[in-house]
Structure formats: structure tokens, C-alpha cells
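I set out to look up the charged pairs and the surface of this structure. My entries follow in the order in which I made them.

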Amino acid sequence: MRRPPFRIAVAGTHSTGKTTFLTRLKELFEQRGLVVAYVHDSAVNAQDKGFPILAKHTFESTAWLMARAI
């Protein structure tokens, strides 16, 4: 029986190691035979929607990013 897919979301300010962490996590999952899809640049999409990304990050912008990426 196939297991349902699961999703992992990471949110944080710029230059905190999110991409580095997720790149390594992806490698580990793939070594174990899992298929991994990587969604990137959600912050750009949020910024296009008018959220104040990076300069004035808010709870709402974080929630939008997580909901959109997941």
C-alpha cells in the first residue's frame, strides 16, 4: 500500500539557512528512495501579491507563504 505524500514547509527571514537545510534534507530523502519535489520562490509570489516580504515580514505574509507552498 502506498503511503500518502507529506509536505514540509520552512519559513524564516533571509540568510538563515533555509535553502541549505532543505537541500540537505532533500538529499537525505532521495538517498532513502523517496521522490522529492521542491517548491521555491514562494516569497516572490507573495511579494507580487503585496505582502511586505523581507523588509517588514508579518505573521500574515508567513501564513500566506506556508499555505501557498504547501
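Entry 1. I looked up K26 and noted a relative accessible area of 27%. The model is predicted. K26 counts as partly exposed because this value falls between the limits of 20% and 50%.

Entry 2. I then asked which residue the side chain of K26 meets in a salt bridge. The partner is E30, with 2.9 Å from N to O. I placed both K26 and E30 in helix 1, where they lie four residues apart, about one turn of the helix. For E30 I recorded 37% relative accessibility, which also counts as partly exposed.

Entry 3. I counted the salt bridges and arrived at two. I noted as background that side chains of opposite charge can pair when their charged atoms come close.

Entry 4. I found E27 in a salt bridge with R24, and the closest N and O atoms are 3.3 Å apart. E27 and R24 are three residues apart in helix 1, so about one helical turn separates them. I listed E27 as partly exposed at a relative accessible area of 37%. R24 is likewise partly exposed, at 42% relative accessibility.

Entry 5. I turned to the nonpolar side chains and asked which residues form a patch on the surface. The patch consists of F6, I8, V10, F21 and L34. I recorded about 450 Å² of accessible area for these residues together.

Entry 6. I looked up V10 from this patch and found it in the segment before helix 1, which spans 18–31. V10 has 33% relative accessibility and therefore counts as partly exposed. This value also passes the patch cut-off of over 30%.

Technical notes: Residues numbered from 1 in each chain as written. Predicted model: local features only at pLDDT ≥ 70, side-chain atom pairs only at ≥ 80, totals over all residues. Heavy atoms only, no water. Patch = residues over 30% accessible without salt bridge, like charges linked within 9 Å, V, L, I, M, F, W, Y side chains within 5 Å. Areas by Shrake-Rupley, 256 points an atom, 1.4 Å probe, with all protein chains shown as cover. Salt bridge = Lys/Arg side-chain N within 4 Å of Asp/Glu carboxyl O. Helix = DSSP H or I, 4+ residues; strand = E, 2+ residues; numbered from the N terminus. Buried < 20%, exposed > 50% of the residue type's maximum accessible area, 1.4 Å probe, protein only.
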